Structure formats: structure tokens, C-alpha cells
Amino acid sequence: MTTRLLLSAAAAMALSAGAAQAQDCTFEAEIPDFTQEQIDALYECVRDDLLANYTAGDNEVAAVYRDWGQAQTGPAAPGFHGGRFLNTFVNEVGYDAYIQYEEDDETFEMPVGTVIAKESYTLRDNAPRRGPLFIMTRVATDDSPDTDGWVYSAVQPNGNPMGISQSFCHDCHGGFEFSDSLGYPAFEVRLGQ
Ligand code: HEC
């Protein structure tokens with residue numbers, strides 16, 4: 001009897017927590033008008049859900065990227081990558097080099113072994129909607145000469161691998177020739193600004 005009461009109390013709490021969350025996670029504002037508070041609140045709504053879904057498959061990067069350093073103060077309102085909110089993490093090999101945000105040196109190269117993962121999400125009908133996890137891995141330039149040493153990949157919002165074209169990604173990234181093909185987060189969310 002006591003157990004059953006406890007269980008139903010827990011179930012009721014879980015239900016009302018779910019309802020409260022659904023309410024908090026409705027955003028009336030248009031994305032370009034998002035305040036920092038709304039950007040932060042939206043990330044709170046998606047952060048656990050993103051990770052749970054990216055890791056639902058067996059992607060090796062998805063399994064570890066949240067242990068890496070975050071390369072920006074927090075998610076930024078969208079620009080590129082399909083109008084999505086973006087949040088970038090870099091593994092230990094490349095973190096220090098990445099957060100220099102070098103973009104004025106044609107000879108600048110990220111260390112071989114750098115892996116960069118970028119979460120993405122947006123709003124659909126005022127509610128959060130997960131986007132892909134975008135990944136760039138730096139190999140020796142000679143090992144991937146057509147893409148200047150970068151290998152591109154992505155994980156679908158449900159954790160499955162995403163079929164992408166190296167040239168599609170690099171046609172744009174290759175334009176960043178003074179930063180070893182990196183686009184970097186928006187200025188306002190770069191560390192140390
Ligand atoms: C139309 C141009 C464009 C295309 C196409 C594009 N990107 Fe990007 N990408 C950017 C820009 C700009 C940034 C920096 C934006 C930000 O983080 O706010 C970026 C950032 C990234 C980052 C974080 C590292 C960095 O550059 O600072 C990764 C990882 C990434 N993109 C992966 C991909 C993958 C994988 C593809 C192909 C599926 C792709 N990108 C296609 C423009 C593009």
C-alpha cells in the first residue's frame with residue numbers, strides 16, 4: 001500500500017515535471033530577436049535530449065564530445081548551418097589552437113588529431129527541434145588533400161550516421177583559407193571577448 005502510494009506520487013511528480021518543462025520550452029520570439037536569456041533557456045531545454053539522441057547510435061565522437069572543452073561561452077543564435085543554434089566543442093589535441101580563433105594566417109594549421117564537434121538545433125512551431133552533430137577531424141594534409149586535411153562527418157539527430165558529401169562541406173569551409181578552413185563561432189560568444 002505504502003509502496004503503491006509512493007509510486008503514484010512519483011508518477012504524478014514526473015508527469016507534472018514534464019508538463020512544466022513543456023511549458024517552459026515554448027518560445028514565442030522569432031529566432032533573430034532571441035535575448036541571451038532565451039538562448040540560455042532554450043539550451044537548457046535541449047542539452048540532455050541532444051546528448052541522449054546523438055549517443056543513441058554508436059558514433060565515437062558523440063560518445064565523448066561533452067567531456068571536451070566548449071570553445072565558446074555558450075550557444076549562439078543562428079547564422080550558417082541552416083539557421084540553427086550552434087555550440088562547438090574541441091578535443092584536447094586542438095582546443096588551445098582553436099580558441100586562438102586565428103583567421104589571418106595562411107600558414108596556420110590545426111594539430112593533426114584535432115576533432116571538432118558542433119551541436120545544432122532550432123525551433124519548429126515555437127518548440128525546440130534537434131539538428132545534426134557536425135564533426136570535423138584533422139588528418140595530415142597529404143591524407144586528405146582535396147579537403148586540405150579535414151574529414152567531415154555528421155550524426156543525425158536520432159544518432160544514426162548522416163550521409164554527407166566532403167565537397168559540399170569543404171566548398172564552404174575551404175573558403176576560410178586564413179584559419180585552416182575554420183569558420184569559428186560568432187564574435188560575441190568567443191572566449192575572452
Ligand atoms: C555555407 C557554408 C558552410 C557549409 C556548407 C558547412 N559549414 Fe560548417 N561552418 C560554417 C561556418 C560559418 C561555421 C562557423 C559558424 C559558427 O560556429 O557559428 C562552421 C562551423 C563548423 C564546425 C565547427 C568548426 C569551425 O569551423 O569553427 C564544424 C565541425 C562544421 N562546421 C562542420 C561542417 C560539416 C560536417 C559540414 C557539411 C555537412 C559543414 N560544416 C558545412 C559554414 C559552413
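**Overall composition, nonpolar core and a hairpin**

Of the 193 residues in the protein, 27% are buried, a residue being counted as buried if 20 or more other C-beta atoms, placed from the backbone, lie within 10 Å of its own. The model is a predicted one, in which local features need pLDDT of at least 70 and side-chain atom pairs count only at pLDDT 80 or more, whereas totals for chains, interfaces and linings use all residues. Residues are numbered from 1 along each chain as its sequence is written.

The protein has six helices and six strands, taken as DSSP runs (H or I, at least four residues, for helices; E, at least two, for strands) and numbered from the N terminus. From that terminus on, the order of elements is α-α-α-β-α-β-α-β-β-β-β-α.

The largest nonpolar core, a set of buried Ala, Val, Leu, Ile, Met, Phe, Trp, Tyr and Cys residues joined through C-beta atoms within 7 Å, has 26 residues, and Val 61, Ala 62, Ile 116, Ala 117, Leu 133 and Ile 135 have the most contacts inside it. At least two residues of this core come from each of helix 2 (36–54), helix 3 (60–64), strand 2 (85–90), strand 3, strand 5 (133–138) and strand 6 (150–155).

Strand 3 (residues 115–124) pairs with strand 4 in the antiparallel sense over four bridges, where pairing requires that DSSP finds at least two bridges between the strands. The two strands form a hairpin with two residues between them, and Asp 125 in the turn has a positive phi of about 50°. Within this pairing, Thr 122 stands opposite Arg 129 in strand 4.

Definitions and conventions:
Buried ≥ 20, exposed ≤ 12 C-beta atoms within 10 Å, placed from the backbone.
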